[in-house]
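Q: I am new to this structure and should be grateful for a close look at a single strand in it, together with its surroundings.

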Amino acid sequence: FISFTYNHDQLFAESASLIEIAKEFGTPCYVYSRAALVAAYQEFNRAFAGRDHLICYAVKANSNLAILNILACLGSGFDIVSGGELQRVLKAGGDPQKIVFSGVGKNQDEMRMALTAGILCFNVESEMELLSLNQLAKEMDKIAPVSLRVNPDVDAKTHPYISTGLKENKFGIPMAEAERIYHTAAHELPHVRITGLDCHIGSQLTEIDPFIEASNKMLALLDRLEKQGICIEHLDLGGGLGISYSQESPPSIKDYVTALCNSVGQRKQRILIEPGRSLVGNTGLLLTRVEYLKHAPHRNFAIVDAAMNDLMRPALYDAYHEILPVVKKSSEVNNTYQVVGPVCETGDFLGHDRQLSLTKDDLLAVMSAGAYGMSMSSNYNTRPRAAEIMVDGHAIHLIRARETVEQLIASEKILD
Ligand code: LLP
């Protein structure tokens, strides 16, 4: 965690004290490091060294406007999956010409909004979606730039819930139908224009091989299409590069990008990628406070003020997040704790069997929470969503105020 380090046994975010942040903004809150975010983006960018490319940050990983704005200022593109994400990117200063629109169920309003904004391309996931987009573009007197998302049928070797590139998954167009649908798009649908070819095989991949296997299948298709006179301007190889939550050792950003570039070889197409987790995952943590300790006969519980509604990954995927004490206590004895939240579900845990030395009111940092943390949070148990803070050196910026219960219930109505 390059930007989160101990100084005299106290955990800091860059040069900002997490104790001070908790005092000023309360807990639970997400804390992000601007430097870590910039460093991750630059690492991707540098790895492409001279090759025509576009990094399209997968907005779903963390859609806070401040994060989108920092990336937009660095020149990043964006991968969106809804009209809401489109509005966020535009509001944050993103360039529409650097936006790709993914997802299996884009509705008419969302497509209309994206056509009006003038995005780079629609990653189309089915023949029916293609026909519908062509029809809408016709009504709007526009031509929609499209890329077909093809399902390469590759095993991403990741958690089944976040694996997307197998033929039994709902994503993409089957490889066997891709050529026919490209021909339909090229010859029968005057209101779409083919610009690219796209795939995305899954998330939190810790090996390079599945990426290369998918890339090679895409490239074979690309070559066949070009022979048939269908011109492909860009190849979008999706996102999915994993991060280290504990013991995993995913390829480095540089090795991953280099391997992709090598697989594309001398071909002239621009390369797009859609990284989410690998850009933001290790740039954020969830700061939480111990409310109570409960020592049951066979288990010790640390009940903290963050819960599954704040960070859903442990409950949903049995995901592991490192949990660090904000103040290290060297001399005291450790206990084995179940770190749990206040929500009324047995699945409401942040970590199982953690060795910690705890007393009431201690602060804990749930690490690697920058991706799919806040963006998957909910209001379950009528818990207002956490505050978000961005640290930049010594400076501490509140980038999303803690939600209030008033905001939560504002749009509800009792029967007359
Ligand atoms: N492109 C597409 C079309 C995607 O569906 C995704 C993620 C990405 C890019 C970005 O993938 P990444 O680089 O972040 O792996 N909630 C889960 C992860 C779901 C990923 C969904 N799609 C989690 O917390 O692990």
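A: The account below begins with one strand and then turns to the ligand and the domains.

This is a predicted model, in which local features need pLDDT of at least 70 and side-chain atom pairs count only at pLDDT 80 or more, while totals for chains, interfaces and linings use all residues. Residues are numbered from 1 along each chain as its sequence is written.

The part chosen is strand E5, residues 53-58. Helices (H or I, at least four residues) and strands (E, at least two) are DSSP runs, numbered from the N terminus. A residue is called buried if 20 or more other C-beta atoms lie within 10 Å of its own, exposed if 12 or fewer, and partly exposed in between, with C-beta atoms placed from the backbone. Because 6 of the 6 residues of E5 are buried, the strand is largely enclosed by the rest of the structure. His53, Ile55 and Tyr57 point one way from E5, whereas Leu54, Cys56 and Ala58 point the other way. In a regular strand the side chains alternate between the two faces of the sheet.

Two strands pair if DSSP finds at least two bridges between them. E5 runs parallel to strand E13 (residues 270-273), to which 3 bridges join it, and Ile55 stands opposite Ile273 in E13. Strand E6 (residues 77-80) is also parallel to E5 and joined to it by 3 bridges; here Ala58 has Asp79 as its bridge partner. Between E5 and E6 the chain passes through helix H3 (residues 65-73), in a right-handed β-α-β crossover. Right-handed means that, with the strands pointing away from the viewer, the path from the first strand over the helix to the second runs clockwise.

Ala58 also leads to the ligand: among the 22 residues that surround the ligand, the closest are Ala58, Ser203, Gly239, Gly276 and Tyr372. A residue counts as near a molecule if its C-beta atom, placed from the backbone, lies within 6 Å of it. Helix H10 (277-280) and helix H11 (313-317) are the elements that give two or more residues to this shell.

The protein is divided into domain 1 (4-32 + 281-409) and domain 2 (34-279), with bounds from an automatic or database domain assignment. Both domains give residues to the shell around the ligand, so the ligand lies between them. Their centres, taken over C-alpha atoms, are separated by 32 Å. In all, 21 residues of domain 1 are in contact (C-beta atoms, placed from the backbone, within 7 Å) with 20 residues of domain 2.

Notes
Two residues are in contact if their C-beta atoms, placed from the backbone, lie within 7 Å.
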